[in-house]
Amino acid sequence: MSDIFIYPEYEVVRDRDACIGCRVCERQCANEVHRYDEVLGRMVADSTKCVNCHRCVCLCPTHALKIKKSEDCYRDNANWDYQTVNEVYRQANSGGVLLSSMGNPKPFPIYWDKILINASQVTNPPIDPLREPMETTVYLGKHNNEIERDGNGRIKNNLAPQLKLKVPVMFSAMSYGSISYNAHESLARAASELGTFYNTGEGGLHKDFYRYGANTIVQVASGRFGVYKDYLDAGAAIEIKMGQGAKPGIGGHLPGKKISASVSETRMTPQGIDAISPAPHHDIYSIEDLRQLIYSLKEATGYKKPVIVKIAAVHNCAAIASGIARSGADIIAIDGFRGGTGAAPTRIRDNVGIPIELALASIDGRLRHEGIRNNVSLIVGGSIRSAADVVKAIALGADACYIATAAVLAMGCHLCRTCNQGKCNWGIATQQPDLVKRLNPDIASKRLVNLVSAWNHEIQEIMGGMGINSIEALRGNRLMLRGVGLNETELKILGIRHAGESL
Amino acid sequence: MKRIYVNEQWCLGCHLCEYECAFANSNLKEMYHLKGKSIFPKIHVEDAADGIHYAVNCRHCQEAICVKSCIAGALSRDENGMVVIDQNKCVGCYTCVLVCPFGAVMPAEGGKVAQKCELCTKNACGTPNCVAHCPNNAIVFEDRG
């Protein structure tokens with residue numbers, strides 16, 4: 001049986017006048033799109049192989065290349081659109097579950113874009129961050145409700161272990177295996193320079209990166225890959241991954257071809273054999289079970305490190321977070337449905353979970369109502385796209401944000417969403433040595449530092465405009481937010497007023 | 001002196017440096033004017049099995065064997081230590097081409113005289129164009145003593 005031909009969604013367009021035939025595009029395309037046609041005497045492209053990663057476009061020295069959306073179409077049908085029809089063909093061709101990468105691209109509402117930020121006028125002067133101090137340092141961990149004093153009236157230092165972030169942004173979990181050695185090194189170096197943290201993901205910590213331990217969050221996931229005493233000791237905090245925004249309720253599956261010798265050693269799984277993370281932690285079926293794991297990890301590391309519990313934003317996340325806040329966890333990380341992934345079943349990625357804005361607002365509200373907000377800090381991720389998103393997230397109640405899609409974009413990713421194929425032309429989501437070397441950590445770490453530094457400047461500017469000089473004073477300050485185009489229910493869940501409504 | 005060095009670890013074998021070199025020394029206004037032309041770059045990327053790539057150009061050797069071998073006095077060392085070629089003096093005997101252990105001296109366009117990398121000091125760039133355009137910082141311009 002031959003497959004039904006599906007016309008490529010994107011086409012490579014070459015300006016024949018500008019192409020000098022240097023063949024850089026050919027050498028840089030792992031998908032073998034470009035080649036020199038001896039008969040025609042010029043470069044040609046096979047768009048059916050193109051994933052639209054823009055590597056050739058970016059490297060072409062004469063800018064002779066661009067990628068455009070294909071004009072091929074089926075008869076207009078508001079119900080059966082082009083992509084839906086093609087997905088049916090693909091499944092009929094292969095009989096397989098459709099796989100996708102990166103975050104949910106569907107046109108669901110983006111609440112960040114329906115929230116506006118306040119600014120000071122007349123009665124409460126704005127602050128100029130270039131002239132006055134503007135504090136963006138954040139401490140993550142369990143905060144005390146009351147100050148306790150000893151018999152001599154001295155304050156007792158009984159503060160739980162904290163993570164100190166110089167910027168309210170961290171790099172979220174991406175495992176070594178899903179991303180390359182050089183990508184991990186770039187994140188580690190950037191986190192060290194920025195005074196923030198990166199996260200190992202569930203793939204263990206490569207032995208070369210133990211030296212960045214002070215800026216590393218080590219993850220313990222359902223597969224327990226690479227987890228042992230030294231690993232737990234190496235990190236500044238330990239994250240228990242219960243779920244991921246891109247694929248709530250689903251485990252992970254790293255194909256064997258990505259398990260190189262080095263990944264195998266780091267993960268402690270056999271080389272070339274698929275590494276499968278189960279959907280549940282098989283020892284966790286309740287908050288009490290979770291508490292046991294949290295305290296096992298604390299016991300193993302001498303109660304010196306905060307423990308983070310990461311969950312996907314799902315319908316009952318507020319109740320779940322309430323349980324986690326009582327379970328001994330120091331920090332809760334919530335991952336929204338737009339969060340990225342190296343590979344997920346398309347139907348799960350595009351249809352499961354809820355927007356992070358709503359999850360955050362309902363979790364923060366619930367924890368406050370129950371008087372347990374100080375038990376934990378809240379980190380949110382799952383498509384934080386800009387400094388404005390960070391500010392809105394903090395005003396909605398987050399302590400800090402996780403970014404990963406933005407981070408890989410900074411390193412060169414063009415969101416072609418084919419990480420699952422392992423042939424990342426930018427050297428990020430691949431283990432192929434010739435592709436991995438395309439990502440020079442000297443460049444990529446600098447770009448990450450640039451991005452987060454730029455965001456930090458913007459955060460300071462926005463805070464200054466509101467007349468706020470410390471990120472602590474912004475946290476949960478929902479009066480600084482107004483909604484536009486949101487209905488009553490949405491406003492109620494977000495806990496904000498509509499634009500135009502005064503105090 | 002500052003020399004061009006290549007970090008093999010980061011060289012992708014994209015061969016962009018060859019085109020940037022050819023363009024820098026071509027007196028052309030636009031890169032796309034190279035269309036249809038053969039190029040005569042002074043830097044060459046050597047590609048080997050197992051994904052090894054290495055861009056090679058003049059090392060400006062302390063004991064420059066090309067300078068010693070030149071029968072016409074065309075090759076010399078300038079005050080900064082850079083090995084330079086005076087193509088007006090070159091007689092095209094190509095002894096330098098034969099003796100250079102790196103293959104970094106080669107016949108120039110037309111085949112009458114030799115050419116070599118002079119760190120873009122004799123063209124409009126001023127600083128090495130291959131270094132400026134290497135997409136992975138594999139080619140660097142550094143003083144390593």
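Which residue of chain A stands opposite Ile240(A) in S12(A)? In the predicted model, that residue is Val220(A), and the pairing to which Val220(A) and Ile240(A) contribute joins S11(A) and S12(A) in the parallel sense over four bridges.

The overall form of chain A provides the setting for this pairing. The secondary structure of the chain comes to 16 helices and 21 strands, and its C-alpha atoms fill a box of roughly 90 × 55 × 45 Å when the principal axes are taken as the reference. Because a compact globule with 503 residues would have a radius of gyration near 23 Å, the value of 24 Å found for chain A agrees with that expectation. Of the 503 residues, 55% count as buried. Among the contacts in chain A between residues at least 6 apart in sequence, 69% join residues at least 24 apart.

Within chain A, an open sheet of eight strands follows the order S9-S19-S18-S16-S15-S12-S11-S10, with parallel pairing. Strand S9 (169-171) and S10 of chain A stand at the edges of this sheet, and each has a single partner strand, so one side of each is left without a neighbour in the sheet. In general, the strands of a sheet pair through backbone hydrogen bonds, in either a parallel or an antiparallel manner.

Strand S12 of chain A, which covers residues 237-241, lies between S15 and S11 in the strand order. With strand S15 (residues 307-312) of chain A, S12(A) pairs in the parallel sense over four bridges. Two of the residue positions along this pairing can be named: Glu239(A) stands opposite Ile308(A) in S15(A), while the bridge partner of Ile238(A) in S15(A) is Val307(A). On the pairing with S11(A), which likewise runs in the parallel sense over four bridges, Ile240(A) of S12(A) has Val220(A) opposite. S11(A) and S12(A) are also the two strands of a right-handed β-α-β unit, in which the helix is H5 (residues 229-234) of chain A.

The side chains of S12(A) are distributed over two directions, with Ala237(A), Glu239(A) and Lys241(A) pointing one way and Ile238(A) and Ile240(A) the other way, and all of these residues are buried. Because five of the five residues of S12(A) are buried, the strand is largely enclosed by the rest of the structure. A further element placed against this part of the sheet is helix H7 (residues 287-300) of chain A, which lies across S11, S12 and S15 of chain A and runs at about 155° to S12(A).

The loop between H7 and S15 of chain A contains Tyr303(A), whose phi is near 55°, a positive value in a residue other than glycine. With a relative accessible area of 42%, Tyr303(A) is partly exposed. A phi near 55° is also found for Glu32(A), again a positive value in a residue other than glycine. Glu32(A) lies in the loop between helix H1 (24-28) and strand S2 (34-37) of chain A, and it is exposed, with a relative accessible area of 58%. Most residues other than glycine have a negative phi.

Another loop of chain A, between strand S10 (198-199) and strand S11 (216-220), holds Asn215(A). Because its relative accessibility of 14% falls under 20%, Asn215(A) counts as buried. A polar atom of the side chain of Asn215(A) lies 2.8 Å from the backbone oxygen of Thr196(A). When residues up to four places away in sequence are not counted, Asn215(A) touches Ala191(A), Ser192(A), Gly195(A), Thr196(A), Phe197(A) and Tyr198(A).

In chain B, Arg77(B) lies in strand S4 (residues 75-77) and is partly exposed, with a relative accessible area of 35%. The side chain of Arg77(B) has a polar atom 2.4 Å from the backbone oxygen of Cys61(B), and a polar atom of that side chain lies 2.9 Å from the backbone oxygen of Gln62(B). Residues up to four places away in sequence aside, Arg77(B) touches His60(B), Cys61(B), Gln62(B), Glu63(B), Ala64(B), Met82(B) and Val83(B). Arg77(B) and Pro135(B), which are 58 residues apart in sequence, are 31 Å apart in space, C-alpha to C-alpha.

Note on methods:
Residues numbered from 1 in each chain as written. Chains lettered and ligands numbered in written order. Predicted model: local features only at pLDDT ≥ 70, side-chain atom pairs only at ≥ 80, totals over all residues. Heavy atoms only, no water. Buried < 20%, exposed > 50% of the residue type's maximum accessible area, 1.4 Å probe, protein only. Contact = heavy atoms within 4.5 Å. Polar contact = N/O pair within 3.5 Å; in protein donor to acceptor, adjacent residues only side chain to side chain. Pairing = 2+ DSSP bridges. Axes fitted to C-alpha atoms, helices over the stretch in contact; angles between N-to-C directions. Right-handed = clockwise from strand over helix to strand, strands pointing away. Rg over C-alpha atoms; globule rule 2.2 N^0.38 Å.
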